[in-house]
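Colleague: I should be grateful for a close look at a single part of this model, with an account of its surroundings. Please begin with one residue and widen the view from there.

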Amino acid sequence: MSDNEDKVATGEGEEKKQTITIRVKDQSGEETFFKVKPHTKMEKIFSAYAQRKGVPVTALRFLLDGTRIAADQTPKMLELEDQDQIDCALEQVGGW
Amino acid sequence: MVMVLYHDAQLYDQDLKLFTQNAWLNDAAINFYLTMIYHEMVHGRDDVLLMDPAVVSCMMLQCDDEEDLLDLAHGLQLQFKKMILLPVNDRENFDSQGSHWALLVYHQQTKSYKFYDSSNNHNLQSAREVAQVLDKALGTKSRHIEIECPACPQQRNGVDCGMYVCLIAEWLSIRYATNDQSPVETLENYVSPQKIRHVRKAMPNIVASLITT
């Protein structure tokens, strides 16, 4: 708590420590929350989410406003703000 | 777990194997192919959109209100697209993975839809639902949507529908980009079982050449 205030006060160093909450919404409408730092690679969220859901990460697709989020992007690069939502779609298949 | 990244399409080793092992294609495999069409065959023109099947699915299942749809429309710059190609899966809810792929095409100039299904229009109902949501995302007034179903090559097995979607999308995109000059073959002749076998086998080399250039 007081940590947060410190970061705001210290300027430059603040941004590195500042965490935001990102909401991951699945196709049933369920939301899962992750606290992340602005420079955390999104793949960390992806694998944590996959683990929590018990699904291989290769079967999940993460999207922001209709575009794919790459594993090596960060919240900062994606301009994600606190409480922003990303979508998670499941693998689809078809043959016949 | 090896992954290839080509523009923003991700392809895991296991996705690539779906091509060579004559398996059902998943959305990652199809998206990779569509991304290749976009960058290599129509040279990234910004008036064409080959929509990622995961995005189609997200649009159908996760955009609960108009605001979500508008965000998506904005993110994809939908209003600037003269032609939008949407792979349609028959998956109806989040519990299933689907079993069939087909291709819905939107033409902005005439605000009309065409639908290509290699299995006797199996996915026509799903395509109707996609068309309704796309109309909404484009801000089109509520209307009865006609979907035209041009002659479409038909698959003769239970595995290739995703390949048909890829190659039909390829034919349509190249035709669009060349003002109908090429390919000279008709759709039926272009998307043949032989071509499908050839492309499936060639995919590892195609992928390798894409990521080294």
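Modeller: B:Met60 counts as partly exposed because its relative accessibility is 27%, where under 20% would be needed for buried. The model is a predicted one. B:Met60 lies in helix H3 of chain B, which covers residues 53-61. Setting aside residues up to four places away in sequence, B:Met60 touches B:Glu129, B:Val130 and B:Val133. B:Ser126 belongs to a stretch well removed along the chain, as B:Met60 and B:Ser126 are 66 residues apart in sequence; their C-alpha atoms are 9.9 Å apart in space.

One of the contacts of B:Met60, namely B:Val133, leads on to the nonpolar cores. The largest nonpolar core has 45 residues, among which B:Phe32, B:Leu103 and B:Ile168 touch the most other members. Helix H6(B) contributes the largest share of this core, with 11 residues. A second core, separate from that one, has 32 residues and includes B:Val133 together with B:Met51, B:Val55 and B:Cys63. As for B:Ile168, its contacts are B:Leu103, B:Tyr116, B:Cys152, B:Leu187 and B:Val191, again without residues up to four places away in sequence.

B:Thr35 offers a contrast in accessibility. B:Thr35 counts as buried because its relative accessibility is 9%. This residue is placed in helix H2 of chain B. Apart from neighbours within four places in sequence, B:Thr35 is in contact with B:Tyr6, B:His7 and B:Ala9.

Helix H2 (27-41) also takes part in covering the buried residues of helix H8(B). The cover further includes strand E1 (3-6), strand E2 (9-12), helix H1 (13-20), strand E3 (25-26) and helix H6 (161-177) of chain B. The buried residues of H8(B) are B:Ile196, B:Val199, B:Arg200, B:Ala202, B:Met203, B:Val207 and B:Leu210. Helix H8 of chain B runs over residues 193-212, 20 residues in number. From its first C-alpha to its last, H8 reaches 29 Å, close to the 28 Å expected at 1.5 Å a residue. At B:Ala202, H8(B) bends by about 50 degrees, and the proline B:Pro204 follows within four residues.

The partner chain completes the picture. Chain A has three helices and six strands, which follow one another from the N terminus in the order α-α-β-β-α-β-β-β-β. Of the 96 residues in chain A, 46% are buried. Among contacts in chain A with a separation of 6 or more, 54% join residues 24 or more positions apart.

Between the two chains, the contact takes 25 residues from chain A and 41 residues from chain B. The area buried between chain A and chain B is about 2,900 Å², with carbon and sulfur atoms giving 50% of it. A:Arg68, A:Gln92 and A:Trp96 supply 30% of the area that chain A buries against chain B, more than any other three residues.

A word on confidence is in order. Chain A has a mean pLDDT of 86, and 82% of its residues reach 70 or more. Over residues 1-12 of chain A, however, pLDDT stays under 50, and for these residues the model has four contacts beyond four places in sequence. Where pLDDT is low, predicted coordinates should not be read in detail.

Key. Residues numbered from 1 in each chain as written. Chains lettered and ligands numbered in written order. Predicted model: local features only at pLDDT ≥ 70, side-chain atom pairs only at ≥ 80, totals over all residues. Heavy atoms only, no water. Helix = DSSP H or I, 4+ residues; strand = E, 2+ residues; numbered from the N terminus. Expected span 1.5 Å × (residues − 1). Bend = angle between axes of the 7 residues up to and from the residue. Buried < 20%, exposed > 50% of the residue type's maximum accessible area, 1.4 Å probe, protein only. Contact = heavy atoms within 4.5 Å. Core = buried A, V, L, I, M, F, W, Y, C linked by side-chain atoms within 4.5 Å. pLDDT = per-residue confidence, 0-100. Buried area = accessible area lost by both parts, 1.4 Å probe.
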